[in-house]
Amino acid sequence: MLEPVSTRVLPPLQIGPITVGTPVVLAPMAGVTNRAFRTLCREAGRATGFDPGLYVAEMVTSRALVERNVEALRIVTFGEDESPRSAQVYGVDPATVGAAVRIIASEDRADHVDLNFGCPVPKVTRKGGGSALPWKKQLFTDIVRAAVDAAEPYGVPVTVKMRKGIDDDHLTYLDAGRTAESLGVAAVALHARTAAEHYSGTADWTAIARLKEAVTTVPVLGNGDVWAAEDALRMVRETGADGVVVGRGCQGRPWLFADLAAAFNGSDQRVRPGLREVAETIYRHGELMIDYYDGDESKGMRDLRKHMAWYLKGYAVGGETRRALAMVSTLVELREHLDALDLTLGYPGADAEGPRGRAGSPKKPHLPYGWLDSRELDAEFEAKLREAELSVSGG
Ligand SMILES: Cc1cc2nc3c(=O)[nH]c(=O)nc-3n(C[C@H](O)[C@H](O)[C@H](O)COP(=O)(O)O)c2cc1C
């Protein structure tokens, strides 16, 4: 338990009616930020005694939600004590996005809805979705308006998460940010990379500062390359952002939310877990995963596997044990492998810190033919756009 102190670095974040005491947001990450992982992040934040942040679920595609697909509905399930409940919707068709947001708001499935305009995955952008979408101004407007209109009667705030644009010659974030603000969104978040950059290089925090100058009536959140609490403090100092959104930095390190809570409340206390604590977190993650999949142990363990390398980054654990953990299929097996670790190992320092997760190199965005020729939507693209909602994974 850290000592709560009252020196806030920033005021609480106000997202419509929701007050987020510590202005830190767990970024939506498909395949990562399900109820199980969010629980670990929230528990870590809460253990500090400081106010909690906001923890966003993985994106759900609007089409799948409207069709009441079982896995889509599972994505928008929250812990009993999870408050506020934050969902993210992806979509390319205004009517479908509106219908999905209406389901969430009218059925009281979440307290906040974020819209995903940041996905750079080729199968999405190829059809004009995700980070390609704000380029088409009217379509962007129609989607945001549909979402805000659907949520408004229920008092559910809508926010927008986007990238800088398609590439350096086709930036969209400033006009998209202003448009979203004028349509009544409660905040805008910027992952300060273009689609072309994917996850390569370093995020351009100067763009966050520019967005903060352009969007003046709702909070602006900065996102990209926060690997430690100190990065988050530097981001708000350098950009004037009203809060930070943290993605890859917490993969395998849910306790980063304790560091962030401490840092934003003026404390320099940081969590530096030894291997025993890491092993306990992995096991708890396993239990929570099984619960998330309604007791299906095999599904839960399969989903846990991808987290192993992140959890063990920097810790002296042999290749064979790592491989065994990454193939685990029951809780009993998980316990055996964890017990076989040298649990006396302490925190490895820098080796466990710094960048982690997706990186890679820049990629020329895959876009519909002629997409960049005009910022207006060609009628013939509309049908293709709707297809972009099908079988989409996050990013
Ligand atoms: C595995 C993975 C899945 C992601 N899924 C989503 C998603 O569902 N919705 C979204 O808006 N962004 C998604 N992102 C992007 C993150 O929310 C975030 O914007 C990005 O990782 C940059 O922040 P970071 O540098 O803190 O990781 C994903 C990123 C990763 C690495």
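**Exercise 1.** In this predicted model, find which residues line the second largest cavity, then sort the lining by class.

*Solution.* Step 1: the second largest cavity is lined by Thr22, Val24, Gly45, Asp51, Pro52, Gly53, Tyr55, Phe257 and Ala261. Step 2: sorted by class, this lining holds five nonpolar, three polar and one charged residues. Step 3: the space in the second largest cavity comes to about 40 Å³.

**Exercise 2.** State how many cavities of 30 Å³ or more the whole structure has, and describe the lining of the largest cavity.

*Solution.* Step 1: a search of the whole structure gives three cavities of 30 Å³ or more. Step 2: the volume of the largest cavity is about 90 Å³. Step 3: its lining consists of 14 residues, and Val25, Asp114, Thr159, Ala189 and Leu221 are those nearest the centre. Step 4: two or more lining residues come from each of strand E4 (54–61), strand E6 (112–117), strand E7 (158–167) and strand E9 (187–194). Step 5: by class, the lining of the largest cavity has 10 nonpolar, two polar and two charged residues.

**Exercise 3.** Locate the ligand and list polar contacts that it makes with the protein.

*Solution.* Step 1: the ligand takes up the space of the largest pocket. Step 2: around the ligand are 20 residues, and Gln88, Asn223, Asp225, Gly247 and Arg248 come nearest. Step 3: by class, this shell has seven nonpolar, nine polar and four charged residues. Step 4: take the contacts in turn.

- A backbone N or O atom of Pro28 is 2.8 Å from a ligand oxygen atom.
- A side-chain N or O atom of Gln88 is 2.7 Å from a ligand nitrogen atom.
- A polar side-chain atom of Asn116 is 3.2 Å from a ligand nitrogen atom.

Step 5: of the 600 Å² of accessible area that the ligand has on its own, the protein covers 97%.

Conventions
Residues are numbered from 1 along each chain as its sequence is written. This is a predicted model: local features need pLDDT of at least 70, side-chain atom pairs count only at pLDDT 80 or more; totals for chains, interfaces and linings use all residues. Side-chain values use heavy atoms; hydrogens and water are left out. A residue is near a molecule or strand if one of its heavy atoms lies within 4 Å of it. A polar contact is a pair of N or O atoms within 3.5 Å; within protein, one must be able to donate a hydrogen and the other to accept it, and residues adjacent in sequence count only if both atoms are side-chain atoms. Accessible areas come from the Shrake-Rupley method with a 1.4 Å probe; for residues, only the protein chains shown count as cover. On a 1 Å grid over the protein atoms alone, a cavity is a set of points where a 1.4 Å probe fits but cannot get out, and a pocket is an open set with protein on both sides within 12 Å along at least five of seven lines; lining residues have an atom within 4 Å of a point. A molecule sits in a cavity or pocket if more than half of its atoms lie within 2 Å of its grid points. Ala, Val, Leu, Ile, Met, Phe, Trp, Tyr, Cys and Pro count as nonpolar, Asp, Glu, Lys and Arg as charged, and the others, Gly among them, as polar. Grid points are joined across faces, edges and corners, and a volume is the space filled by probe spheres set on the points. Helices (H or I, at least four residues) and strands (E, at least two) are DSSP runs, numbered from the N terminus.
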